[in-house]
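Hi,

Here is the structure I said I would pass on. Have a look at it first, and then read my notes underneath.

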Amino acid sequence: MPKTIVTEDGTTMPLVHLNGYVGFESLPCQLVHYCKKQGFQFNLLCVGTTGSGKTTLMESLFNMKLELEPCDTELKSVELKSQVFEVEEGGVKVKLRFVETAGFGGQASVEQSAKTIVDYLDEQYEAYLREELKVSRRLSQYNDTRIHACLYLISATGHGLLTRDLHTLRELSKRVNVIPIIARADTRCKDELVRFKKRVLEELRQNNIDYYTFPTDDEAIKKQNEVLNKLMPFAVVGSTDFVTKEDGSTVRARSYPWGIVEVENEEHCDFVRLREALLRLNVDSLRTRTHKILYEAYRQDRLLKMNMKDGDCGPKMAEAYEQMNSEFKAEMVKKDREFDRIFTERVNQKEADLKRQEELLDLRQRAMEERHEDEMRRVEASIKLAEDELVKLKARDAKKKQKS
Ligand code: GTP
């Protein structure tokens, strides 16, 4: 009687031993080869207030120069800016998509700011779902823009989380793998950071905010991930500058009058640990959770809202797809109108600014001209005075000559 095993879906089947070499043990190598050839997509969202160090952190993490413009501090709403790069390391190609918030923590309300980011995340899921529901779908070549991880930058105030942080983190953690990070950790001393981390964790727990924890179900990385989970929220320092130390080595660091803070020194901050957690150990876990848990939840919710049930196919599916398409078109029309409105508003604003500047220039020019005319009048008067004086002198001279 062969031994039986029970699979994950509950099916019982016999476990058969092979009598000789077949060859499918090479499957992992085939997968590695496929991944190298195909490359993969990794999409990272960085959420933080203006100037909190988002771009610097991304540059430090990926050791590359990003040409992202600083955010406009006058923004009335949150906007998402993205950049895509293709990078290659050890023969593995990665298409990196960086998305960062602009105007977060600015003039928009807490609710509206969080909604803008959530809408963006949903749009990426929606685009994938639309591709998935197509008859001729091209998922293997699909430009997948779903966000795999969100680095949420908490300001190192030392006073715990703000209402804005709590609300946004709560909303985001339902849709994306959120990794909380204490930004600009060099602005707090070590003891303060320890207390701050503890406080942030307590507040996240009290508010039932389910941030991402690195998985510990895989024996190969269990121990490392357990250590990394204990470091959350990572307290990091970023820098775009390099400093040459006394021993001749060059390090990424921030210089202060009293010394330097090294980004990649574990004694100085958790940057190296964050990079290890995010890029060296868990890229696949983050991608898998995004697809299997987060996207799946979105998809289920969306299809249920379209009154679809398990087993529906054929006309029902076509109907759902049709509904989705028309919703998408309506959404696009709405967005187009909104875009037109914002564009017209910005053009009007720019025109008004230009007009004001023109008026100001006119005023300045007129004032200069008046000043110039006054000056001319004064000079002409003094010339006239001098000429009169000369005539008088000459007359006096002539009289003197006549007398003598
Ligand atoms: P916006 O895109 O304009 O919102 O800015 P950002 O959040 O991308 O911040 P950015 O990376 O441009 O950094 C803003 C300023 O903060 C720069 O002067 C950085 O040098 C500085 N900065 C970045 N990271 C750190 C850090 O870890 N510690 C300190 N002290 N300053 C930092």
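Below is what I found, grouped by region.

Two things before you start. This is a predicted model, so local features are given only where pLDDT is at least 70 and side-chain atom pairs count only at pLDDT 80 or more, while totals for chains, interfaces and linings use all residues. Residues are numbered from 1 along each chain as its sequence is written.

**The core**

The largest nonpolar core has 56 residues, and C150, L151, Y152, I179, I181 and V236 touch the most other members. Strand β6 (residues 149-155) gives the largest share of this core, six residues. A nonpolar core here means a set of buried Ala, Val, Leu, Ile, Met, Phe, Trp, Tyr and Cys residues joined through C-beta atoms within 7 Å. Buried means that 20 or more other C-beta atoms lie within 10 Å of a residue's own, exposed means 12 or fewer, and partly exposed is in between, with C-beta atoms placed from the backbone. Helices (H or I, at least four residues) and strands (E, at least two) are DSSP runs, numbered from the N terminus. As background, nonpolar side chains tend to be buried together in soluble globular proteins.

If you want one core residue to click on, try C150: leaving out residues up to four places away in sequence, C150 touches L45, V47, L172, V176, N177, V178 and I179. Contact means that two C-beta atoms, placed from the backbone, lie within 7 Å.

**The ligand and helix α2**

There are 16 residues around the ligand, and G53, K54, T55, T56 and P70 come nearest. (A residue is near a molecule or strand if its C-beta atom, placed from the backbone, lies within 6 Å of it.) Helix α2 (residues 54-62) supplies the largest share of this shell, three residues. Sorted by class, the shell has three nonpolar, nine polar and four charged residues. For that count, Ala, Val, Leu, Ile, Met, Phe, Trp, Tyr, Cys and Pro are nonpolar, Asp, Glu, Lys and Arg are charged, and the others, Gly among them, are polar.

How enclosed is α2 by the rest of the structure? Largely, because seven of its nine residues are buried. Those buried residues are K54, T55, T56, L57, M58, S60 and L61. They pack against β3 (40-47), β5 (92-102), β6, β10 (250-256) and α7 (271-281). Right after α2 comes N63, with a positive phi near 50°.

**Helix α8**

Helix α8 (residues 283-305) has 23 residues and reaches 32 Å from its first C-alpha to its last, close to the 33 Å expected at 1.5 Å a residue. That expected span is 1.5 Å times one less than the number of residues. Where does α8 bend? At Y295, by about 35°, taking the bend as the angle between axes fitted to the seven residues ending there and the seven starting there. L286, T290, L294 and Y298 of α8 are buried, and their cover includes α3 (110-132) and β6. Just past the end of α8, N307 has a positive phi of about 60°.

**Backbone oddities in the loops**

- The peptide bond from M232 to P233 is cis, with omega near -10°; P233 sits in the loop between α6 (219-231) and β8 (234-235).
- R184, in the loop between β7 (178-183) and α5 (190-206), is not a glycine but has a positive phi near 50°. R184 counts as buried because 22 other C-beta atoms lie within 10 Å.
- N208 lies in the loop between α5 and α6 and also has a positive phi, about 50°, without being a glycine. N208 is exposed, since it has 8 other C-beta atoms within 10 Å.

**Some distances**

G105 is in the loop between β5 and α3 and is buried, with 21 other C-beta atoms within 10 Å. Apart from neighbours within four places in sequence, G105 is in contact with T49, T50 and R164. From G105 to K400 is 89 Å, C-alpha to C-alpha, with their positions 295 residues apart in sequence.

L231 belongs to helix α6 and is partly exposed because it has 14 C-beta neighbours inside 10 Å. L231 touches D270 and R273, not counting residues up to four places away in sequence.

Cheers
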